[in-house]
Amino acid sequence: MKAGILGGGQLGRMLLQAAANYTVETYVLENDPHCPSAHLCHHFVQGNINDFDTVYQFGKGLDVLTIEIESVNVDALEKLEAEGVKVFPTPSAIRTIKNKILQKQFYLDNDIPTSSFVVTQTQADVEEHLALLPAVHKIGQGGYDGKGVQVIQDEKDISKAFDAPAVLEKMVPIDKEIAMIVAMNEKGETIFYPPAEMVFDPMLNLLDYQVSPAQLPEQVLWKAEAIALRVVKALKSPGLFAVELFVDKNEEVLVNETAPRVHNSGHHTIEANYSSQYDMLWRIMLGYPLGNPDAILPSAIVNLLGADGYSGDAVYENLEEVLKMDNVFVHLYGKLQTKPGRKMGHVTIMHKDYQDLTHKANKIKHLLKVKTGG
């Protein structure tokens, strides 16, 4: 089978590592010939994943296509789908999710609990919705990894708002932020991974570290599973989805956002679960039975981000010390250049004791730094 991936970042790289277990010929489309995925696929095609003709020409000789980032040319995917190429997730699901305005409207239309919101077209529009503040302003299209998100606490912050179509979402009193990864095959069969609790860097709006399975009251877990399942069923698409949820102070569960692809919140599954999120997506695309999503041991992930003040050739400080630790797995994404906040890798820690997990995660976070030589 010939399988294509649109995008050649670290998610594509880990998807290709899992592909080695199956008989599949892999193709990657990406602008950067030095991207993390370039040397791991059978066929690398340099090109723009947002260009209709490029995506169409890339996909028309393939059996199956998937994405590792939402900002792709959906029109080309729809044409390919109409011509018999299988696309996971479906182009209609990608179209709904890639635009934050359409995504929020989708939750509303399908009775999926989410925070109150209004759609704004310009920065000035925000001034008409002061009653909604404090709120989060998310640009409709093109935001990624904390970019395209602004916190508007009060009237003084309106100058930070986007002067483009966007969603203004009322801030939720969050107790926990969790991610539920749900897989659905073409038969409509579904499985859940145990939820991961995410801890964010407040400055970068990026995942700092996370722990899985999240420690949740049983009722909250049931709610989270039911809501995540409703999202995936309403999208009517096979594939793998990461549903990010807020648990508020009253133990109510609300959907924040959904990613229609493998996700940062599932990196730990490579070592810590019987079937990783990457393996699971291949099973879905190749028509094999769904895997076992259960955790082997509790785990934590630390994201390796480029250190502040360092741009240039990447050097990993204290890497050897971290590699000496028991049940610690280092993943470097093969990016030669670092810059502040850039995702350069992650570390997975496994241990039956949650206290030991978080202790080790914090230790690694402060020990392993991505800097530059010289």
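Which residues does Ala183 touch, not counting residues up to four places away in sequence? In this predicted model, the contacts of Ala183 comprise Glu189, Thr190, Ile191, Gly239, Leu240, Met280, Ile284 and Leu290, once residues up to four places away in sequence are set aside. Ala183 also belongs to the largest nonpolar core, a set of 31 residues in which Val24, Ala183, Leu240, Tyr278, Met280 and Trp282 touch the most other members. At least two residues of this core are supplied by each of strand E1 (2-6), helix H1 (10-19), strand E10 (174-184), strand E14 and helix H8 (277-286). Helix H8 gives the most, contributing seven residues to the core. Another core, of 25 residues, lies apart from this one and includes Ile97, Ala214, Phe241 and Val253. In soluble globular proteins, nonpolar side chains tend to be buried together.

Helix H10 (residues 354-367) was examined for its length and for the distribution of its buried residues. At 1.5 Å a residue, the 14 residues of this helix should span 20 Å, and the end C-alpha atoms are indeed 20 Å apart, so the expected and modelled spans agree. Within H10, the residues Leu357, Lys360, Ala361, Ile364 and Leu367 are buried. When H10 is seen down its axis, these buried residues fall within an arc of 135°, and they therefore line one face of the helix. An α-helix has 3.6 residues a turn, so residues three or four places apart point the same way. The face of H10 that is turned away from the buried side carries Gln355, His359 and His366, which are exposed.

Two cis peptide bonds were examined together with the loops that hold their prolines. One of them joins Leu133 and Pro134, with an omega of about -5°, and Pro134 lies in the loop between strand E6 (117-120) and strand E7 (135-139). Another joins Ser212 and Pro213, where omega is likewise about -5°; the position of Pro213 is in the loop between strand E13 (206-212) and helix H6 (218-235).

Positive phi values in residues other than glycine are found at Glu251, where phi is near 65°, and at Asn327, where phi is near 55°. Glu251 is placed in the loop between strand E14 (239-248) and strand E15 (253-259), and with a relative accessible area of 37% this residue is partly exposed. Asn327 is situated in the loop between helix H9 (319-323) and strand E18 (328-332), and at 38% relative accessibility Asn327 also counts as partly exposed.

A search of the whole structure for disulfides finds zero. A disulfide is a covalent bond between the sulfur atoms of two cysteines. For Cys35, the closest cysteine sulfur is that of Cys41, at a distance of 7.3 Å, which is too far for a bond. The cut-off for a disulfide is a pair of cysteine sulfur atoms within 2.5 Å. The closest cysteine sulfur to that of Cys41 is, in turn, the sulfur of Cys35. Cys35 is buried, with a relative accessible area of 6%, and Cys41 is buried as well, with a relative accessible area of 11%.

Technical notes
Residues are numbered from 1 along each chain as its sequence is written. This is a predicted model: local features need pLDDT of at least 70, side-chain atom pairs count only at pLDDT 80 or more; totals for chains, interfaces and linings use all residues. Side-chain values use heavy atoms; hydrogens and water are left out. Helices (H or I, at least four residues) and strands (E, at least two) are DSSP runs, numbered from the N terminus. The expected span of a helix is 1.5 Å times one less than its number of residues. Buried means under 20% relative accessible area, exposed over 50%, partly exposed in between (1.4 Å probe, protein chains only). The arc is that of the directions from the helix axis to the C-beta atoms. A nonpolar core is a set of buried Ala, Val, Leu, Ile, Met, Phe, Trp, Tyr and Cys residues joined through side-chain atoms within 4.5 Å. Contact means heavy atoms within 4.5 Å.
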